[in-house]
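Work through the exercises below with the sequence and the model at hand. Each task is followed by a solution in steps.

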Amino acid sequence: MTEVIALKQARAERQLSYNEDHVRWLMDAVLHNQFLPRPDPDSIFVGDGDFQAVGSEFLGHFIRMGGLRPDSRVLDIGCGIGRMAVPLTQYIDGKTGSYCGIDPVAGGINWCQRMVSPAYPNFEFRQIDIAHSLYNPKGEINGLELELPYDSRQFDFIIMTSVVTHLPDEEVTAYLREVERLLAPGGRLFMTAFVVDKSAQDNASNKRDARLGFQRYDEGPCWFVPEMPPLAAVGFDDGFLDNALTRAGLSIVTKSLGHWRGLPADHYQDAFVAEYREDSR
Ligand SMILES: C[S@@+](CC[C@H](N)C(=O)[O-])C[C@H]1O[C@@H](n2cnc3c(N)ncnc32)[C@H](O)[C@@H]1O
C-alpha cells in the first residue's frame with residue numbers, strides 16, 4: 001500500500017471508527033473458530049444458511065454499515081438462537097459493552113443462556129411471551145401492546161435481523177415506537193427487511209429468489225407469498241418502512257437493497273440503519 005493510500009484509509013477509518021483490516025480478520029476468526037458454540041442443526045429455527053457464516057457476515061455489516069463499537073450497549077430484538085449473539089461475543093467489550101437478546105421462542109433463549117452467558121456474563125437473554133402465529137402461537141402478550149422491559153434511552157445499538165420479515169405492519173410500527181424510546185441519542189437501529197420495489201416485482205428477470213414471489217395483500221402495505229403462511233415471509237411496499245421509521249422519530253442513515261431481488265449486493269435482505277437524534281422530531 002502506498003503512503004497516500006494508507007493515509008487516506010486511516011483517515012476514513014478514523015471517521016468510521018473501525019479498522020477495515022481488523023474487521024476482516026475478526027470476521028474470518030469468527031467464521032473459523034471451532035470453539036464458538038453452535039446449536040445442533042435440528043434445533044436451528046432461524047432460517048437456512050450456515051449459522052456461523054451468517055453470523056460472521058452480519059458482524060461485518062453491524063460494524064461497517066451500522067457503526068457498532070466494542071463499547072456499544074446492544075439490544076437484539078428477536079435474537080432467535082444466538083446467530084448474531086455468538087459472533088458479537090468476539091467484539092463487544094466485556095467491561096464497557098453489553099448485549100441483551102429477547103425472543104418469544106423459549107428453546108432459543110434457553111440455549112443462549114446455557115451456551116453463551118456463562119462465558120460472557122455481559123450477554124443476557126430473556127424469553128418474552130409475545131404471540132406469533134408461527135414462532136409462538138400460544139404466546140400471551142399481544143405484540144401491538146408490547147412494552148419491552150427496559151428503561152428508556154439505554155441502548156446504543158438495536159438489532160432486528162430477519163424479524164420484520166415475519167411481522168404485520170401494525171406490529172412493525174409498534175416496535176419502532178419502542179426502538180425510539182430505547183435508543184440513546186446517537187444510537188442506531190440495524191434492521192433487515194424485504195422491500196417490494198419495482199425491481200423486486202419484476203418477475204420477468206428471473207434472477208429474484210424464486211421462493212419469494214410476493215403478492216400484495218389487500219390494500220397493502222404488506223406483501224405475502226401465496227404458497228406460504230402469511231407471516232412466513234412479509235414484504236412491504238417501498239416507502240412504508242422509510243415512513244414508519246421517520247414517523248417513529250428515527251432518521252434513516254442507510255437504506256441498502258439486498259440481492260434477494262436479483263441485483264448485486266453484499267447482503268441478501270434489504271438493510272436499514274436509522275438513528276435516534278435528539279433533534280429528529
Ligand atoms: C428468522 S428468525 C431471525 C432470528 C435472528 N434475528 C437471526 O437473525 O438469527 C425470526 C425471529 O423473530 C422472532 N420473533 C417472532 N415474532 C417476534 C416478535 N413479535 N418480537 C420479537 N421477536 C419475534 C422469532 O422467534 C425468531 O427468533
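**Exercise 1. Lysine 255**

Task: Find which aspartate side chains make polar contacts with the side chain of lysine 255, and place the residue in the fold.

Solution. Begin with the side chain of lysine 255, which forms a polar contact of 3.1 Å with the side chain of aspartate 242. A polar contact is a pair of N or O atoms within 3.5 Å; within protein, one must be able to donate a hydrogen and the other to accept it, and residues adjacent in sequence count only if both atoms are side-chain atoms. Next, the side chain of aspartate 238 is joined to that of lysine 255 by a polar contact of 2.7 Å. The model is predicted: local features need pLDDT of at least 70 and side-chain atom pairs count only at pLDDT 80 or more, while totals for chains, interfaces and linings use all residues. Residues are numbered from 1 along each chain as its sequence is written, and side-chain values use heavy atoms, with hydrogens and water left out.

Then locate the residue: lysine 255 belongs to strand E10. Helices (H or I, at least four residues) and strands (E, at least two) are DSSP runs, numbered from the N terminus. Lysine 255 is partly exposed, at a relative accessible area of 34%. The classes are buried (under 20% relative accessible area), exposed (over 50%) and partly exposed in between, with a 1.4 Å probe and protein chains only.

Last, list the neighbours. Beyond four places in sequence, lysine 255 is in contact (heavy atoms within 4.5 Å) with Asp238, Asp242, Ala271 and Phe272. For phenylalanine 272, 17 residues away along the chain, the C-alpha separation from lysine 255 is 4.6 Å.

**Exercise 2. The ligand site**

Task: How many residues surround the ligand, and which polar atoms lie by its nitrogen and oxygen atoms?

Solution. First count: the ligand is surrounded by 20 residues, the closest being Gly78, Arg83, Asp103, Thr161 and Tyr175. A residue counts here if one of its heavy atoms lies within 4 Å of the molecule.

Then take the polar atoms in turn. Glycine 78 places a backbone N or O atom 2.6 Å from a ligand nitrogen. Threonine 161 has a polar backbone atom 2.7 Å from a nitrogen atom of the ligand. Aspartate 103 has a polar side-chain atom 2.7 Å from an oxygen atom of the ligand. Of the 590 Å² that the ligand exposes when taken alone, the protein buries 99%; these areas come from the Shrake-Rupley method with a 1.4 Å probe.

Now move to glutamine 127, in strand E3 (residues 123-127). Its C-alpha atom is 9.7 Å from that of glycine 78, 49 residues apart along the chain. Asp103 is among the residues in contact with glutamine 127, as are Pro104 and Asn136. A polar atom of the glutamine 127 side chain lies 2.8 Å from the backbone oxygen of proline 104.

**Exercise 3. Two loop residues**

Task: Are glycine 66 and histidine 267 buried or exposed?

Solution. Take glycine 66 first, in the loop between helix H3 (51-64) and strand E1 (73-77). Glycine 66 is buried, since its relative accessible area is 1%. His61, Phe157, Arg188, Phe190 and Val273 are its contacts once neighbours within four places in sequence are set aside.

Histidine 267 sits in the loop between strand E10 (251-256) and strand E11 (270-275). With a relative accessible area of 4%, histidine 267 is also buried. Its side chain and that of serine 256 share a polar contact of 2.7 Å. Among the residues that histidine 267 touches are Glu57, His61 and Met65.

**Exercise 4. Backbone geometry**

Task: Which peptide bond is cis, and where do serine 162 and aspartate 218 have a positive phi?

Solution. The cis bond runs from glycine 220 to proline 221, with omega near 10°. Proline 221 is in the loop between strand E7 (215-216) and strand E8 (222-224).

Aspartate 218 lies in the loop between E7 and E8. Its phi is positive, about 55°, although the residue is not a glycine. Aspartate 218 is exposed, with a relative accessible area of 61%.

Serine 162, likewise not a glycine, has a positive phi of about 60°. Serine 162 is in the loop between strand E4 (155-160) and helix H6 (169-182).
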